[in-house]
Amino acid sequence: SNQPLPFVENWTAPMHVSSTNMPPSVKRTVSGPTGSSSTLEMSTNSLEDIDDEIDHDDNALGLPLWATEDAGTSSQEDDDGILITPSPTATNSGTIIISNLRLMAAEVEQLLDCMEVYMQDQRNRRSSKLKPPSRMKRQWYIYAVGFPAGFYLVYKLTKKHGSSYLAKMAFEKAKSLFAEHVEEPMKSIHRELFTRKEREIAADKKARMEAISSLKKMIKSWLDETFPDMPNEEKVNRANSMDMSLIEQTKEDNMKHIYNLNNVVRMSLIEMQFIKKEMMNALISMDELMAANEINMQVAAMTPAVVILYAVRYVFRKI
């Protein structure tokens, strides 16, 4: 803020001599360059009688380079050799004209740029003073509780087995975490995208087909013995569709008589075969679902490792 503005060179700085006895609309100015010292001395010598009433102002600025005085209202010399220039506060208008509009516009533009720089400095200064305290100061209670608790936990773990046991356990945990949440998911994603090797299937498709075929035969045999008068085509349709409605109804009726226990046991075995078939179908459906969402599940498995890495990075950056 102590440096001069960039447009000062557009303003001249002559010496002004103002008299308190003159009207407020007129001011006396010694206009002459510094080289005309004789003229300045003559003027001051002629004013020795009113020297106490003269106010010398060496810092006042004259007209800028882009403005000139109007010819009709230019300065005039009085009897004492002092130029009388109309005051800017005079009621007479049109005494100053703009002679170089481009230079004035450049000065205004520089002034606005300086104002923007100064305002930005003020904003930065105030922002630095109004900056909130650090996270540690704002959340001191967490650190006040967390550090003693962590120190006590480390002490309990190292008290019996020593620090080597703690380091070994931490290494094993990190190794297990890396294997489960980084290494295996990355291998699975690579196998899914860049190889033709299929993923391991939990269910046995061949065993499922054998269970279905055995169930159909069991239903067909039971229908032949229990309902001999039923058309053969209907028996085949019920066996192929693995319809259990007749078996359930007959079992419900035979449960009322103890002498039909053998038939009840047989129907129960057929039902167990049906349940086995349904369970194997569920396993096949789960395998298909997992195969369709293999990449999604592996990416989800990598999420804990990514979160831990991000948390460690955040903590080290704050430190």
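Before I start on the rings, one cut-off to keep in mind: buried means under 20% relative accessible area, exposed means over 50%, and partly exposed is what lies in between. I'm also noting that this is a predicted model.

**Entry: Tyr 143 and Phe 147**

I looked up Tyr 143 and got 29% relative accessibility, so I put it down as partly exposed. Its partner Phe 147 is at 58%, so that one goes down as exposed. Their ring centres are 5.9 Å apart and the planes make 25 degrees, so I have the pair as stacked. Where do Tyr 143 and Phe 147 sit relative to one another in helix α4? They are 4 residues apart, so about one helical turn separates them. Helix α4 covers residues 140–161.

**Entry: Trp 140 and Tyr 141**

Then I checked Trp 140 with Tyr 141. This aromatic pair is edge-to-face, with 6.0 Å from centre to centre and 85 degrees between the planes. Is Trp 140 buried or exposed? I found 56% relative accessibility, so it counts as exposed. Tyr 141 has a relative accessible area of 46%, so I wrote it down as partly exposed. By the pairing rule, the count of aromatic pairs comes to 3.

**Entry: α6 against α7**

Next I went to two helices, α6 (residues 205–226) and α7 (residues 232–240). Their axes come within 8 Å and cross at roughly 145 degrees. I noted the crossing of α6 past α7 as right-handed. On the α6 side, I listed Lys 216, Ile 219, Lys 220, Leu 223 and Asp 224 as making the contact. From α7 come Asn 232, Lys 235, Val 236, Arg 238, Ala 239 and Asn 240. What kinds of residue make up this contact? I sorted them into 5 charged, 4 nonpolar and 2 polar.

**Entry: the largest nonpolar core**

I followed Ile 219 further, and it turned up again in the largest nonpolar core, which has 14 residues. Ile 219, Trp 222, Ile 247 and Ile 270 are the ones with the most contacts inside this core. Which elements give two or more residues to the core? I got α6, α8 (245–254) and α9 (261–292). Of these, α6 gives the most, with 5 residues.

**Entry: around Ile 219**

Last, I listed what Ile 219 touches, leaving aside neighbours within four places in sequence. Its contacts are Arg 238, Ala 239, Met 242, Asp 243, Met 244, Ile 247 and Ile 270. Two of my earlier names come back in that list: Arg 238 and Ala 239 belong to the α7 side of the helix contact. Ile 247 and Ile 270 I already had from the core.

Key: Residues are numbered from 1 along each chain as its sequence is written. This is a predicted model: local features need pLDDT of at least 70, side-chain atom pairs count only at pLDDT 80 or more; totals for chains, interfaces and linings use all residues. Side-chain values use heavy atoms; hydrogens and water are left out. Axes are lines fitted to C-alpha atoms, for helices over the stretch in contact, and angles run from 0 to 180 degrees between N-to-C directions. A crossing is left-handed if the near helix is turned anticlockwise from the far one by less than a right angle, and right-handed if clockwise. Contact means heavy atoms within 4.5 Å. Ala, Val, Leu, Ile, Met, Phe, Trp, Tyr, Cys and Pro count as nonpolar, Asp, Glu, Lys and Arg as charged, and the others, Gly among them, as polar. A nonpolar core is a set of buried Ala, Val, Leu, Ile, Met, Phe, Trp, Tyr and Cys residues joined through side-chain atoms within 4.5 Å. Buried means under 20% relative accessible area, exposed over 50%, partly exposed in between (1.4 Å probe, protein chains only). Rings of Phe, Tyr and Trp (its six-membered ring) pair if their centres lie within 6.5 Å; planes under 30 degrees apart count as stacked, over 60 as edge-to-face and the rest as tilted.
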